[in-house]
Amino acid sequence: TSGSACRSSPRQIKQVRPKLPLLKILQAAGAQGEIFTVTQVMHFLGQYITMKQLYDPREQHMVYCSGDLLGELLGCQSFSVKDPSPLYAMLRKNLVALTT
Ligand SMILES: C[C@@H](c1ccc(Cl)cc1)n1cnc(-c2ccccc2)c1-c1c(C(=O)NCCN2CCN(C3CCCCC3)CC2)[nH]c2cc(Cl)ccc12
């Protein structure tokens, strides 16, 4: 049987523009430019936490960010990577979605 080849338009990858304080954090972690995908933002935030050693070496899922710009943005002293809700709240406030 001839199946109909469904030709949906290619999905545009969602791009975001971080607001300045978040952009500074991403650039500290090596990000270039001002427009990213959310996946890239997460990658650079992970790099930032790793390189600034904001995680607890004994409990590596705990991030201690008081006294760091990341903590100011998140509005918390620490968080667990297992409960990323403060992170998503911060991203909602600090990422501007680009509509194509
Ligand atoms: C699954 C993922 C994640 C991603 C998003 C969320 Cl909302 C939760 C969790 N994740 C799991 N552990 C981490 C993590 C833990 C400690 C230090 C750095 C990163 C991450 C995070 C990544 C990441 O891109 N992760 C890639 C592989 N990571 C493994 C952990 N590695 C470190 C583990 C501790 C020792 C140093 C390496 C770094 C590479 N990006 C993040 C950004 C933030 Cl704001 C918070 C956490 C992460």
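Visitor: Which residues are buried in helix 2?

Guide: Val41, Phe44, Leu45, Tyr48 and Ile49. Buried means under 20% relative accessible area, exposed over 50%, partly exposed in between (1.4 Å probe, protein chains only). This is a predicted model, where local features need pLDDT of at least 70, side-chain atom pairs count only at pLDDT 80 or more, and totals for chains, interfaces and linings use all residues. Residues are numbered from 1 along each chain as its sequence is written, and side-chain values use heavy atoms, with hydrogens and water left out.

Visitor: Where do those buried residues of helix 2 sit, seen down its axis?

Guide: They fall within an arc of 140 degrees, so they line one face of the helix. The arc is that of the directions from the helix axis to the C-beta atoms.

Visitor: And after helix 2, what follows?

Guide: Gln53, with a positive phi near 50 degrees. Gln53 lies in the loop between helix 2 and strand 2 (62-64). Helices (H or I, at least four residues) and strands (E, at least two) are DSSP runs, numbered from the N terminus.

Visitor: Is Gln53 buried or exposed?

Guide: Gln53 counts as exposed because its relative accessibility is 59%.

Visitor: Switching to the ligand: which element gives the most to its shell?

Guide: Helix 2, with 6 residues. The residues around the ligand include Met42, Gly46, Tyr55 and Tyr88; a residue counts if one of its heavy atoms lies within 4 Å.

Visitor: How far is a ligand nitrogen from a polar backbone atom of Met42?

Guide: 2.9 Å. For Gly46, a ligand nitrogen is 3.5 Å from a polar backbone atom.

Key: A polar contact is a pair of N or O atoms within 3.5 Å; within protein, one must be able to donate a hydrogen and the other to accept it, and residues adjacent in sequence count only if both atoms are side-chain atoms.
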